[in-house]
Amino acid sequence: MPSAKMHRVLITGAGGRIGRGLRETLRGVYPILRLSDLVPIAEARDGEEVDQTNIADVKAVERMVQGCDGIIHLGGISGENTWEKILEGNIVGLYNTFEAARQAGVKRIVMATSNHAVGFYPRSQTIDHRVTVRPDSRYGVSKAFSEALASLYSDKHGMGFLCVRIGNYGTEPIDSRRLSIWVSPRDLTQLVRIGLEHPDVRYEIVYGVSGNQRSWYDNSNAHRLGYRPEDDSEPQAAQVLSAEAGQPRNRIADKYQGGTFAAEEYDAATERE
Ligand code: 15L
C-alpha cells in the first residue's frame, strides 16, 4: 500500500470554482500546494507554487507533476461540450496526467469524477458506489473513462485513487435537483483529505455530496472511509422549492438524476428505466 505522507500536493484545474475553493480550504494543510491551470491564476503565496499547463501537452504535464506526492485532478472540461473538447481535455489530458504521475512516482490521486458518470439512473433509485456506470452525456462518459483509467493504474501500478463523483459544489444548493447532490466546500475538503491521507485507499469510488436528506446516493463507502459530512441541504429546501414553483419543467430532466445533462440532445422513442 502506498504511503499517504503528502509533502507537495498538486491541484490541476486550480483556477476553476472547486480549485479556487480548495486552494483556500487546503491552505497550510500540506507544506506545498502546487496550483496549475490552463489559464493564468492568482500568484503564489507562502506555501504555494503556481503553474500554467495545458494537460494535452505531454512534456508540460511531465513538468507539472514533478516532485508531487499527491494530485487532486480537477483539470479538463467540467461540463458537456463537443467531442473534440472532451477528447482533448478529459481523455487525452487525463491519460497524460495519470501516465506522467506514474512515471514521477505520485502516490495518490483524488479524481474529480462526477454525478454525470451515473446521471441516467432515475431519481426514484438510490445508487451506491458499485452500480454500473450510466453516463448522461459525452462529459459523463469521459468521467466514467477516468474511473476506468484510475482502476487500471491502481491494479497495474499500485497507485492509490479516490474517485469522487462530485455532485454540485457551492456554498448553497441552487435548485431542487441540487438539494439531492449539493456538496459544501468543507465537506468536499474532508473527502479530498481522506483521498490523500487515508492509509488504505487503493481504489475507491465515493459520492462527493454533503449529508443531504434528499440524497439519491448510498454513500456508505465514503462513511466507511471515515467521511462525516457536516452539512445538509435541507434547511434551504423550502426556499429553493418555492423559488422554482411555476417554472416550466422537462420530463426527462426531472426523471433522471443528471437533470438537463440527460435531457440535452435526448431523442429516444422510449424511456429506459
Ligand atoms: C458537474 O459535474 C459539473 O462539473 C458542474 O459544473 C455541475 O454541472 C454539476 O456537475 C451538476 O450536476 O450540478
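Are Phe-98 and Phe-161 buried or exposed? In this predicted model, Phe-98 is buried, and Phe-161 is buried as well.

Good morning, colleagues. I shall begin with the aromatic residues, continue with one arginine, and finish with the largest pocket.

The count of aromatic pairs comes to six. In one of them, the ring centres of Phe-98 and Phe-161 are 5.1 Å apart and the planes meet at 50°, so this pair is classed as tilted. Phe-98 belongs to helix α3, residues 83-104, while Phe-161 belongs to strand β6, residues 160-166; the pair therefore ties together parts that are 63 residues apart in sequence. These two phenylalanines also form one aromatic cluster with Tyr-153.

Let me turn to Phe-120 and Tyr-256. Their ring centres lie 4.8 Å apart with the planes at 80°, and because an angle over 60 degrees counts as edge-to-face, that is the label for this pair. Here too, distant parts of the chain are linked: Phe-120 sits in the loop between β5 (108-114) and α4 (138-157), and Tyr-256 sits in the loop between α9 (251-255) and α10 (260-263), 136 residues apart. Both Phe-120 and Tyr-256 are buried.

A ring can also have a charge over it, as Tyr-121 shows: the charged end of Arg-134 sits over the ring of Tyr-121, 5.3 Å from the ring's centre.

My next subject is Arg-177, a residue of helix α5, which covers residues 176-181. Why does Arg-177 count as buried? Its relative accessibility is 8%, and buried means under 20%, so Arg-177 falls within that class. Setting aside neighbours within four places in sequence, the contacts of Arg-177 are Asn-115, His-116, Arg-123, Trp-216, Gln-257, Gly-258 and Gly-259. With Asn-115 there is a polar contact between the two side chains, at 2.9 Å. As for Phe-261, it is 84 residues from Arg-177 in sequence, and the C-alpha to C-alpha distance between the two is 12 Å.

Finally, I come to the empty space in the model. The largest pocket holds about 830 Å³. It is lined by 36 residues, and those closest to its centre are Leu-74, Gly-76, Ile-77, Ser-78 and Tyr-139. Which elements each supply at least two residues of this lining? They are α1 (17-25), β2 (32-37), α3, β5, α4, β7 (168-169) and α5. Two of these have appeared already in this talk: α3 is the helix of Phe-98, and α5 is the helix of Arg-177.

Thank you for your attention.

Technical notes: Residues numbered from 1 in each chain as written. Predicted model: local features only at pLDDT ≥ 70, side-chain atom pairs only at ≥ 80, totals over all residues. Heavy atoms only, no water. Helix = DSSP H or I, 4+ residues; strand = E, 2+ residues; numbered from the N terminus. Buried < 20%, exposed > 50% of the residue type's maximum accessible area, 1.4 Å probe, protein only. Contact = heavy atoms within 4.5 Å. Polar contact = N/O pair within 3.5 Å; in protein donor to acceptor, adjacent residues only side chain to side chain. Phe/Tyr/Trp six-rings, centres within 6.5 Å; stacked < 30°, edge-to-face > 60°. Lys NZ or Arg CZ within 6 Å of the ring centre and 35° of its normal. 1 Å grid on protein atoms, 1.4 Å probe; cavity = no way out; pocket = protein on both sides within 12 Å on 5 of 7 lines; lining within 4 Å. Points joined across faces, edges and corners; volume = space filled by probe spheres on them.
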